[in-house]
Amino acid sequence: MTRVSHEFSNTMQKEAVSAVSADVIFGSSRFPNYKIGANNLILDAKEDPKVLTMKEVIARETALLLEQQKRHSVRDLASKFEKGLAAAAKLSDEARLREAASLEKHVLLKKLRDALDSLKGRVAGRNKDDVEEAITMVEALAVQLTQREGELLQEKTEVKKLANFLKLASEDAKKLVDEERAHARAEIESARAAVQRVEEALQEQEQMSRASGKQDLEELMKEVQEARRIKMLHQPSKVMDMEHELRALRIQLAEKSKHSLLLQKELARSKRVEANLSHIYELDGAETLGSYLRIKPCSDIAPELSHCSIQWYRISSEGGKRRLYSGASKSVYAPEPFDVGRSLQVEITYDGHLLVLTTTGPIDPAAGLGNYVEALVRKHDVEFNVVVTQMNGADHPSESIHVLHVGKMRMKLCKGKTTIAKEYYSSSMQLCGVRGGGNAAAQALFWQAKKGFSVVLAFESERERNAAIMLARRFAFDCNIMLAGPDGGSSTGTK
C-alpha cells in the first residue's frame, strides 16, 4: 500500500484507493478482478475457463440451429426460430444492462481521477510519484473501458442483426408452415373427393349388378315357365289331374267362404249383445267413505241380478293391479278405509257374457273422520256400542247392545259384565267392512278375533264403524300387525 501524509490518511482509507500497475490487460468482458502481489504489483485473477463470451454463445447457438435445420420439421424449425428470437432479445437486454454498468464504471473512474488530482497537489516527494502512477493507471483503465465499450457496441449491433435475422426467419417459417398446412388441407380435400368418387362408382356398379341380376333372374324364370308349359303339352294326363285339383280347391274355398261369413255374422251379433249389456247396468251411490254402492238396472231387458254372478275388486293406484274382495259377491258394497284413494270395479257375468263397471274415480275420504280418529288415538281404550248380527257365520237373533273395546294392545267384546271375546292383536286376527248386507253394510264390520270365532257387528253410525276400523288397524300397526280382510289383500291381475 502507498503511504500518504497524516492529514489525508482518513480520506484515503474511506476512498480505499489501491496502487495498481500500469500494464494491466483486460482480457475479459467483465470488470477485471485484481490481486496485490509482491512489490505492490497488481496481478490478474484467473478466469473460469468454462465462462464463454457473448460472441461465442451466439456463434454456438447459430451453429446448432444450422445443424438441426435439416433434421427438424417445419413446425419444429419455426419453434426453434422463435426460441432463438427470444434468446436474442434476452441478449439485447443483457447488453443494455452491461451498458448501464459501463456507465457506472465511467462515473467511478472519473471520481477516482478527481480524487487523485486533488491528492496530487497536496503531497510531495515519493508520495506524489505514487499518486501520478495511480493517475496513469486510472487513465489506462479508462482507455481500456472505452475500448470495451466499443466492443460492446459492436456486439450490440451484431445482436440486433441476429435478432432481425431470426425474426425474418421465424416469419418465413410461419409462412412455410401455413403453406404446408394449406397444401396438406388441399391434398386431404382432393383425397376425400377421390374417395367419394370411388364410393359413388362402387354404388353405381352395385346397382347395375343388382339390376342385371334381377333381369337375368326374370329371364330365367320365364324360360323355366316356358319349359314347364312345353313339357305339360307333351303330358296331357298330368294337365287333367291339375285341372281336377284346381276344381276341388275352388269348391273348398267356396265352402270356407260361406263358413267365414257365418262366423262374421255370429261375431257381429255377439258384439251387439255385449254393447247392449254394457248399457243395462250402472253403479248407483256416492263414491265416498261412509256410503254404499249398488248395482242398478237401467234397461227393461236387464237380467235379474239374482241370476248373475257378481264379484267386486279394488284397483290399486300403483300399476292398476286388481285385488279381489273375498265374499264381496252381492249387488251392494260399502267402501271401507282401505278403499280411500282407490277405484272400485265389479264384474257381472250372465249367460256367458261379462260386463265390467268401474267407479268414476277414487273413493273420497269422509269429512272430519281423520280428526275424529286422531282425537281417539290419544285414549288408551275406546268403547263403541254395537249389535251382534252374525256369529261364526250364523245369524244372531238377539239385538241386545254390546260394547266393543278397541285398545292399544287388544280388542274386547263385552255384554254387560260378561266378556264374549278378548284377544291381543295377532296375525290370525282379521278386521274389515262387511262385504254385502244391503243398506246397513256401511254401518257393519267383520271381526275374526281368532280362528274359529268371528262376528259381524253393526254400529250406531257409519262414522263409528269407519273410526273403529281405522283405530284398530293403527293400534295393530304399532304392534307390527297388519289387520286386513279374509282375502289378505292378494293381487289377482290387472284391470
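Reader: What makes asparagine 480 count as exposed?

Author: Asparagine 480 has a relative accessible area of 72%, and exposed means over 50%, buried under 20% and partly exposed in between, with a 1.4 Å probe and protein chains only; asparagine 480 is therefore called exposed. This is a predicted model, in which local features need pLDDT of at least 70, side-chain atom pairs count only at pLDDT 80 or more, and totals for chains, interfaces and linings use all residues. Residues are numbered from 1 along each chain as its sequence is written, and side-chain values use heavy atoms, with hydrogens and water left out.

Reader: Where is asparagine 480 found, and what is its phi near?

Author: Asparagine 480 is found in the loop between helix 7 (462-478) and strand 18 (491-494), where helices (H or I, at least four residues) and strands (E, at least two) are DSSP runs numbered from the N terminus. Its phi is near 65°, a positive value in a residue other than glycine.

Reader: Why is asparagine 392 called partly exposed?

Author: The relative accessible area of asparagine 392 is 44%, so this residue is partly exposed. Asparagine 392 lies in the loop between strand 10 and strand 11 (394-395), and its phi, near 55°, is a positive value in a residue other than glycine.

Reader: What does threonine 389 touch, not counting residues up to four places away in sequence?

Author: Taking contact as heavy atoms within 4.5 Å, threonine 389 touches Ala394, Asp395, His396, Val456 and Ala458. Threonine 389 and alanine 458 are 69 residues apart in sequence, yet 6.8 Å apart in space, C-alpha to C-alpha. Threonine 389 is found in strand 10 (residues 381-391), and because its relative accessible area is 32%, threonine 389 is partly exposed.

Reader: Which residues form the nonpolar patch on the surface, and why is valine 224 called partly exposed?

Author: Leu217, Leu220, Met221 and Val224 form this patch, with about 350 Å² of accessible area together, an area that comes from the Shrake-Rupley method with a 1.4 Å probe, only the protein chains shown counting as cover for residues. Patches are made of residues with over 30% relative accessible area and no salt bridge (a side-chain nitrogen of Lys or Arg within 4 Å of a carboxyl oxygen of Asp or Glu), with nonpolar side chains (Val, Leu, Ile, Met, Phe, Trp, Tyr) joined within 5 Å and like charges within 9 Å. Valine 224, found in helix 4, has a relative accessible area of 37% and is therefore partly exposed.
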